[in-house]
Amino acid sequence: MNTPGCDIAIIGGGPVGASLALAMRDSGLNTCVLEARPAQAASNDARALALSYGSRLLLERIGVWDALHDVSCIRTIHISQRKSFGRALLHAAELNVPELGYVLPYPALQGALDKALQQDAISAIYGASVTQLRGADDRATIEYQMDGAQHTLHTRLAVVADGGKLLAQQYPPEVRDYGQSALITHITCSSPQADMAYERFTSQGPVALLPFQAGYELVWTAPHQLAQEMLAWDDKKFLDELQHHFGERVGDFLTVGKRTCFPLGLKRAPQLTPMPHTVLLGNAAQTMHPVAGQGFNMGLRDAWELAHEILNAAPEALGTGAMLASYCTQRRADREAGIRFTDGLVRLFSNDLPLVSAGRAAALSALDCLPFAKRFVATRMMFGANG
Ligand SMILES: Cc1cc2nc3c(=O)[nH]c(=O)nc-3n(C[C@H](O)[C@H](O)[C@H](O)COP(=O)(O)OP(=O)(O)OC[C@H]3O[C@@H](n4cnc5c(N)ncnc54)[C@H](O)[C@@H]3O)c2cc1C
């Protein structure tokens, strides 16, 4: 079945694809979002997201921030490494921002974005699973399955925001396997510290506690095999092991919620425009380790910059090589810096070599004492390399 063509087709209405559609809502362009999830189906993704202050500003601009409820604030980040001295504290007040970041469940963000798409009457087709994408000189062609039928859609610009599966076979990403999985769950403890997030580096991988409601969202990174075993521990064993691993900073760990595991790695598409009239966005462009909470924050900046590029393009330039090359140039510094920063953190901290450990401790102490270093790191985390 042939669907009438559109100016822009966004493959994947996840957090990044939906944000792009909303950022272009006043463009007058005919935009269509193809999302594999069925209509009205809430996402059941268990992860919590830490959003930076910069992402809050972008979500305000696309009109979604006020619709987000149950958002917890991060005003201080405590960074330390296990079995070593040296720690750094980043405070919002020192950096002249009201908050460093925010924590909310992925489904809450997705729900608010879905609702905004509906309210704006943006053409979002749910239950549409894209199976093929082809680029040609004048347009891209998308094949998708819906209700058991095959559909074809022609577009001047196909934006791939599907998280990275559709083109992975045809255009394999560069992959770095860290050998780690992230176990995520909600925990409560006896002495939660208001608005404070913790990032603790260990040789197994980082552990993060993100303040959420009365407790914390825990992201506990470990080698794949151990992470699978941790899923099966009973609650008491899990809490005891966490206490031993994390220490006493938030008192005793009291309860643990449902546990879920995600394999981690770095995937980086070598080209953001692998075929004509096509561009990759968000996790489809780069999937990063969650250690620095950069994934969605970076994807949102991708979406914002692409919307800007589209809105500034002459009508006949939409989806052309020149327009897409300009977008790639615009994103290069931020994307490369974000990938290097995240990858560097994981590799630098995932070992127990005594000399390296001492160097890291000294670096954390230096970060704590040097205002310009703090400002540099915090600005990168909040706003990316393009500021
Ligand atoms: C454990 C963990 C913790 C994380 N924590 C953070 C954090 O604190 N902060 C942060 O910024 N990031 C974090 N991230 C990263 C963040 O989750 C991702 O960067 C973000 O979800 C990427 O959004 P996306 O829209 O690009 O892709 P996705 O979230 O993967 O969404 C893709 C969408 O495309 C749809 N889709 C897929 N295939 C098709 C198809 N063929 N046809 C149509 N639709 C399709 C899917 O249904 C989905 O809705 C974390 C990741 C993990 C694993």
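How far is an oxygen atom of the ligand from an N or O atom in the side chain of N283? The distance is 2.7 Å, and the views below start from that contact.

This is a predicted model, in which local features need pLDDT of at least 70, side-chain atom pairs count only at pLDDT 80 or more, and totals for chains, interfaces and linings use all residues. Residues are numbered from 1 along each chain as its sequence is written, and side-chain values use heavy atoms, with hydrogens and water left out.

**View 1. Polar contacts of the ligand.** Here a polar contact is a pair of N or O atoms within 3.5 Å; within protein, one must be able to donate a hydrogen and the other to accept it, and residues adjacent in sequence count only if both atoms are side-chain atoms. Besides N283, look for R47, where a polar side-chain atom sits 2.6 Å from an oxygen atom of the ligand. A36 takes part through its backbone: one of its N or O atoms there is 3.1 Å from a nitrogen atom of the ligand. The ligand taken alone exposes 1,000 Å², and the protein buries 88% of that (Shrake-Rupley method, 1.4 Å probe; for residues, only the protein chains shown count as cover).

**View 2. The shell around the ligand.** There are 29 residues around the ligand, and E35, R47, A50, Y106 and N283 come nearest; a residue counts as near when one of its heavy atoms lies within 4 Å. By class, the shell has 15 nonpolar, ten polar and four charged residues (nonpolar: Ala, Val, Leu, Ile, Met, Phe, Trp, Tyr, Cys and Pro; charged: Asp, Glu, Lys and Arg; polar: the others, Gly among them). At least two shell residues come from each of α1 (15–23), β2 (31–35), β3 (48–52), β9 (129–135) and α6 (295–312). These elements are DSSP runs numbered from the N terminus, helices being H or I with at least four residues and strands E with at least two.

**View 3. The salt bridge of R37 and E35.** E35, among the residues that come nearest to the ligand, also pairs with R37 in a salt bridge of 3.4 Å, N to O. A salt bridge means a side-chain nitrogen of Lys or Arg within 4 Å of a carboxyl oxygen of Asp or Glu. R37 counts as buried because its relative accessibility is 15%, and E35 is buried at 10% (buried is under 20% relative accessible area, exposed over 50%, partly exposed in between; 1.4 Å probe, protein chains only).

**View 4. A salt-bridge network.** R56, E60, R75, E99 and D195 are linked by salt bridges. In one of these pairs, the closest N and O atoms of R56 and E99 are 3.5 Å apart. That pair links distant parts of the chain, with R56 in helix α2 (residues 53–61) and E99 in the loop between β6 (87–91) and β7 (101–105), 43 residues apart. E99 is buried at 9%, while R56 is partly exposed at 21%. For D195 and R75 the closest N and O atoms are 2.5 Å apart. D195 lies in the loop between β12 (174–189) and β13 (196–201) and R75 in the loop between β4 (72–74) and β5 (76–81), so this bridge ties together parts that are 120 residues apart in sequence. Both are partly exposed, D195 at 26% and R75 at 33%.
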